Structure formats: structure tokens, C-alpha cells
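This report covers a metal site, the salt bridges and the empty spaces of one protein chain with its ligands.

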Amino acid sequence: MTVSVDQFKNYDGHAQRERPPEDPELTHVGISTPCGEYLRQFWHGIALSEELTDLPLEIRIMGEDLVLFRTSDGEIGLVHRHCAHRGASLKFGRVESDGIRCCYHGWKWGVNGALLDAGAEPKDSPLYGKVRQGAYPAIEYKGIIFAYMGPGDSVPEFPVYDTFEIPDTEMVPYTCTFPCNWLQVTENGIDPVHSMFLHTLVNGPQFFDTWGVLGDVDYFEGDISIYCTIARRVEDNIWMRVQENILPNITQSGAVHTADGKSIRYFGRNTFFRWCVPVDDTHTKVVAWANFGPRTDPIEGSSPENIEILEQGDVFDRPADELQRGPGDYEAMVGQGPIVVHAKENRATSDKGVSLFRRRLREDVRAMGQGRRPVQPTAFGAAPVPTWSGDTVLEIPAKGDIEDRQLRAQTFDQAIKIFSDAQALRADERDTFITERLKALEAAGGEAIHATT
Ligand code: FES
Ligand SMILES: [Fe+2]
């Protein structure tokens, strides 16, 4: 056989072997790193209530080795793993009514790190009031344990978002861990193009074939969120989907098992609300609620036991060949490697959301470095923090006298204006306002409507 080597001259594996360093400013999360200190300014979901038994739970968050426990009085403690006396692991501690007692010499620490009992030391020892165990504020809410790991003198309000309080919605906590950097798990939420290809066109429909319709995708930036909007024509309907990444590491998106664009829906809400929390630089713990109810997916669509299906688009523990034939989010994200090297990417126009998210993140990280703390979610009076993610499907048939892409765009512009006008209303008033205005928009065939309230 004669092989013509001319055909190989453009093969450039050798030229591309070099691996530039990763982007530490956005991917490294340890103590005193720029991004790590930025992330520590926020409350994060770190564990499920059901993970906490009567025993202390070893946990690692942002590279810090910690122990989480619930006292018999019901208070949550999150403390440095190694005892401040001589370093024994509090994993082996005994949880009592008001704190955790170290197994080694019996020192007891309160949930706030106060030394409550110094074992063999005299009761008037100066150690009391002087030595403390490192501790972080932690609370329990709707089946999830949240922690704040920033400076103790500037703890932000715990943010309650509107999607935590939707009537008739069952919120099912779940968690899963990805062996890769937090940023690539978070970026998946602002990358709608993967839904079209990974979840539909390349691997066959994992949800609905209408997910493969290449919709009109756009992005914009709010005070605390990057929004991604996707408009699709499905028969006589215009399907408008908003995905939202709340800085720094929350993703929420619309329905999954009922989102095909064929059923009319006014301000449908999200199927999951998830924190992508760094365990360390190369592992990420997702802590989330899956939501079931009339505004999102029915519980029958994916039972709580199958939440990873809903979350991942695939099933864990599948045979290796099956994973290769039908990869889902897990395979895509983990397959990128432990930490994606940004300098090796060739980002394109369809990666605008990822670029926008990184740009905003970098600005916020750098601002922190200059002493400016990041913007925190703001509630409006007694109303929860408003978010926008979810699906709206309006029956607005294509028109002969206007190009359909333009019709979709102007309809979505109107919908966004409605969301924006409703921003400061209380949750129930807001839902009514938005629903009525969306119905008016539908009745007007996507034409501009005027405020009625
Ligand atoms: S090491 Fe914990 S009490 Fe001594
Ligand atoms: Fe996905």
C-alpha cells in the first residue's frame, strides 16, 4: 500500500498539544482566592436535611473541610472539621443539645463556635471566651441546609425568591455531585443551544422533539441575573422560555416534562432551582429543589425518586456503552475535564450567554478585590425576590403581513416588558398582573398593548 502523506499536512494535533493554564480567577475557589472570597459572600445550599442524621456529617465546601451537625435541640452547626484544641476530627464528635463534643479530650463547641466545656481544664479557665472553633452560620429551610461562609460581620439577608412560594407546588430537595469545576456546571444553565443539540438533535429527543427547533436566542443582564430568552414557533403558538442564572451559582429553568410549546401557558415557572456549589476546584455539589405543580411539571412526569433524570436528562449508573450512545448533561459537563481551560475554547456567537456570564462574574470578582461587595438579591418590601424563569406559550398564529421571526421577537419584547412592569408587586398580585397582561397580548396577536393597571 502506498500512502500519500500530503493528505496529512493539515493535521495539527502536534501543534495543539500545549495546554495553557486554566482561568484561576473564575475557577479556583479555595481560601483567599479571588473567586473563592467572592463566592463566600453568598448563602449557598450545601446539604439536604435528610443527609443529617444524629451523627455529624463530614462535608467539604470551597476547599474547606467541615463538619455539619444538628443539635438535639434542632439547631444547625457548621464548623471546621478539626477541633481547635488539638485537631481531632469532629466527625467523631458527639452531638449534644447545645453543640458538639470532641471525642478526644471532651471539649464542647456551640453552633457558633463558642467553647462551652473545656474538659479537664478548670471552670474559670481563661480559655473560655478566648478560644473558638471556626463556625459558619447555617440554617435549615424546606429540606435544605444553607450556609454562609463569608466574614461574620457582614452576613447578608437570607434571600427568599418568588419560586420558593408558589402555591400548590411540591418542592422536592435533591442533590448530586459532579467531578468537575463549579463553573462548567453553572454555565450549562445559560447555554440553551445544548438543549437543541445534546438533548434533541444529536442524541434523539430526550424530552420533546420541539426542543430541537432552533429558536431565536437572546440574552440580557439584570441586577442579579443573566437571562436567556428562547422564542420558538410551535404550530400556532409562540413559545417563550426564560432561563435564568442568578449570580453567582444558581440556575433555574422552565418546565421539562410538559414543555413542548403545544399547551397554552401563562407565566409557567421553573422545574428546578439549584445551587452549583464548589466542593473544591474539581468537584461540584448541586443542591436543589425539583418543583412539581400546575405552574411547572406534574409529579407523574418524573417522580421524586427519579429526580436525577429530570435534572440530568439521563440516568446515573447506566452501562458505559449506553452512556456513549445517549449522553446527557452529566457526560457533557464532566467530559469537558476537571477544569475547562478557557484559553483552549473557540467560543462562538451561540456561546454569548456563557461569555456574558463570565464577563459579569469577572467584573464582580474584581470588584470584590477592590473592596466592593457584590449586589445581593433584593426583596421588595414583604414580597420575595422576583425572578422570571419559566415558560409562556401564547396562541398567536403566524401572520401573512409580518415576518414570523419579527412577530416572535416583538411578542417576547412585550412579555419581557410585562415581567419588568410587575417587578415590585407582591407575588400573588404579580402573578395576576402578568397573567392578565399576557392574555391581553395573546388577544392582540402579539401587538403592543398598553398598561391597564
Ligand atoms: S482535640 Fe478536641 S478536645 Fe482535644
Ligand atoms: Fe441540559
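The sections below take the iron site, the largest pocket, the salt bridges and the cavities in turn. The model is predicted.

**Iron site**

The iron ion (ligand 2) takes its protein donors from three residues: His194 and His199, each through NE2, and Asp329, listed with two OD atoms. These donors lie 2.1 to 2.3 Å from the iron ion (ligand 2). Along the chain, the donors of the iron ion (ligand 2) are spaced as H-x4-H-x129-D. Histidine 194 and histidine 199 are both buried.

The geometry of the site is irregular, with angles among the four donor atoms running from 57 to 140 degrees. A tetrahedral assignment would need all angles between 85 and 135 degrees, and the range of 57 to 140 degrees at the iron ion (ligand 2) falls outside that window.

**Largest pocket**

The largest pocket has a volume of about 390 Å³. Of its 16 lining residues, Asp191, His194, Gln336, Asp351 and Val354 lie nearest its centre. His194 is also a donor of the iron ion (ligand 2), through NE2.

Helix 3 (182-187), helix 4 (193-201), helix 7 (329-335) and helix 8 each contribute at least two lining residues to the largest pocket. Helix 4 gives the most, with three. The lining of the largest pocket comprises five nonpolar, five polar and six charged residues.

**Salt bridges**

Side chains of opposite charge can pair when their charged atoms come close. The count for this structure is 36 salt bridges. Three of the pairs are set out here.

| Pair | Closest N to O |
|---|---|
| Glutamate 58 and lysine 91 | 3.6 Å |
| Arginine 430 and aspartate 162 | 2.7 Å |
| Arginine 359 and glutamate 221 | 3.0 Å |

In the salt bridge of glutamate 58 with lysine 91, the partners come from distant parts of the chain, 33 residues apart. Glutamate 58 is in strand 2 (residues 57-61), and lysine 91 is in the loop between strand 4 (76-80) and strand 5 (94-95). Glutamate 58 is partly exposed because its relative accessibility is 38%, and lysine 91 is partly exposed as well, at 34%.

Arginine 430 and aspartate 162 also form a salt bridge, and this pair links parts of the chain 268 residues apart. Arginine 430 belongs to helix 10 (residues 427-443), while aspartate 162 sits in the loop between strand 11 (144-148) and strand 12 (170-178). Are these two residues, arginine 430 and aspartate 162, buried or exposed? Both are buried.

The side chains of arginine 359 and glutamate 221 meet in a further salt bridge. Arginine 359 is in helix 8 (residues 352-369) and glutamate 221 in strand 13 (residues 216-221), so this pair ties together parts 138 residues apart in sequence. Arginine 359 is partly exposed, with a relative accessible area of 36%, and glutamate 221 is partly exposed at 33%.

Beyond these pairs, salt bridges link Arg94, Glu96, Asp98, Arg101, Lys108, Asp117 and Lys123 in a network.

**Cavities**

Rolling a probe the size of a water molecule over the atoms shows where empty space is left. The structure has eight cavities of 30 Å³ or more. The second largest cavity has a volume of about 100 Å³. Its lining residues include Phe42, Trp43, His44, Tyr161, Leu247, Asn249, Trp275 and Gln376. The lining of the second largest cavity has nine nonpolar and three polar residues, with no charged ones.

Methods. Residues are numbered from 1 along each chain as its sequence is written. Chains are lettered from A and ligands numbered from 1 in the order in which they are written. This is a predicted model: local features need pLDDT of at least 70, side-chain atom pairs count only at pLDDT 80 or more; totals for chains, interfaces and linings use all residues. Side-chain values use heavy atoms; hydrogens and water are left out. Donors are N, O and S atoms within 2.8 Å of the metal (3.2 Å for Na, K and Ca); water is not among the atoms, so sites may look incomplete. Four donors count as tetrahedral if all angles lie between 85 and 135 degrees; four count as square planar and six as octahedral if opposite donors are over 155 degrees apart and all others between 65 and 115; anything else is irregular. Buried means under 20% relative accessible area, exposed over 50%, partly exposed in between (1.4 Å probe, protein chains only). On a 1 Å grid over the protein atoms alone, a cavity is a set of points where a 1.4 Å probe fits but cannot get out, and a pocket is an open set with protein on both sides within 12 Å along at least five of seven lines; lining residues have an atom within 4 Å of a point. Grid points are joined across faces, edges and corners, and a volume is the space filled by probe spheres set on the points. Ala, Val, Leu, Ile, Met, Phe, Trp, Tyr, Cys and Pro count as nonpolar, Asp, Glu, Lys and Arg as charged, and the others, Gly among them, as polar. A salt bridge is a side-chain nitrogen of Lys or Arg within 4 Å of a carboxyl oxygen of Asp or Glu. Helices (H or I, at least four residues) and strands (E, at least two) are DSSP runs, numbered from the N terminus.
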